[in-house]
Amino acid sequence: MKLVLYFSMIAGVVAMQAPDKADYPPGFCPSETGTPTATTGECMCNWQDRRGCEGSKCMYQYGLAWYHYSCADCKCIAEPK
């Protein structure tokens, strides 16, 4: 039973990994407005503000704005000057 639980946990971790960079949607996380994470498939917005990300699945926690590559309508917003 413990072995089954162990392999289930491993499978869950593997399934959550980000795709290779080549598998990201076109236009995902342009460097002008964000930085893609190396492991989680998220775009960390350069403007760390609630208004720094626009879209249906944008996240803002702990002072950071970001979105996951699976959000088709999400994008980082440039900081106003």
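The exercises below, each with a worked solution, concern a predicted model of a protein chain.

**Exercise 1. The overall make-up**

Determine which secondary structure elements the protein chain contains and in what pattern they follow one another.

Solution. Begin with the count: the chain comprises one helix and six strands. Next, read along the sequence, where the elements follow the pattern α-β-β-β-β-β-β. Then consider burial: of the 81 residues in the chain, 25% are buried. The exposed surface amounts to about 6100 Å², and carbon and sulfur atoms supply 60% of this area. Finally, turn to contacts with a separation of 6 or more: residues 24 or more positions apart account for 28% of them.

**Exercise 2. The sheet**

State in which order the strands of the open four-stranded sheet are arranged, and identify its edge strands.

Solution. The order across the sheet is β1-β2-β5-β4, and the pairing is antiparallel. The strands at the edges are β1 (34-36) and β4 (59-61), since each of them pairs on one side only. From one strand to the next, the twist averages 30 degrees.

**Exercise 3. The partners of β5**

Establish how many bridges join β5 to β2 and to β4, and name residues that stand opposite one another.

Solution. Take β2 as the starting point. Strand β2 (residues 42-45) pairs with strand β5 (residues 64-68) in the antiparallel sense over three bridges. Within this pairing, Met44 has Trp66 as its bridge partner, and Cys43 stands opposite Tyr67.

Now move to β4. This strand also runs antiparallel to β5, and three bridges join the two. Tyr60 has Ala65 in β5 as its bridge partner. The strands β4 and β5 form a hairpin with two residues between them. In the turn, Tyr62 has a positive phi of about 55 degrees.

A general point may be kept in mind when viewing such strands: in a regular strand, the side chains alternate between the two faces of the sheet.

**Exercise 4. The salt bridges**

Find how many salt bridges the model has, and describe where the paired residues lie.

Solution. The count comes to two salt bridges. As background, side chains of opposite charge can pair when their charged atoms come close.

The pair Asp49 and Arg51 has an N to O distance of 2.8 Å, within the 4 Å that the criterion requires. Arg51 is exposed, because its relative accessible area of 56% is over 50%. Asp49 is located in the loop between β2 and β3. Leaving aside residues up to four places away in sequence, Asp49 touches Tyr60 and Ala65; these two residues are themselves bridge partners.

The other pair is Glu54 and Lys75, with the closest N and O atoms 3.9 Å apart. Glu54 belongs to strand β3 (residues 53-54) and Lys75 to strand β6 (residues 75-76), so this salt bridge ties together parts that are 21 residues apart in sequence. Glu54 is partly exposed, at 43% relative accessibility, and Lys75 is partly exposed at 43% as well.

**Exercise 5. A residue after the last strand named**

Decide whether Pro80 is buried or exposed, and give its separation from Trp47.

Solution. First locate Pro80, which is found in the segment after β6. Its relative accessibility is 55%. The cut-off for an exposed residue is over 50%, so Pro80 counts as exposed. Lastly, consider Trp47: although Pro80 and Trp47 are 33 residues apart along the chain, their C-alpha atoms are separated by 8.9 Å.

Key. Residues numbered from 1 in each chain as written. Predicted model: local features only at pLDDT ≥ 70, side-chain atom pairs only at ≥ 80, totals over all residues. Heavy atoms only, no water. Buried < 20%, exposed > 50% of the residue type's maximum accessible area, 1.4 Å probe, protein only. Contact = heavy atoms within 4.5 Å. Areas by Shrake-Rupley, 256 points an atom, 1.4 Å probe, with all protein chains shown as cover. Salt bridge = Lys/Arg side-chain N within 4 Å of Asp/Glu carboxyl O. Pairing = 2+ DSSP bridges. Axes fitted to C-alpha atoms, helices over the stretch in contact; angles between N-to-C directions.
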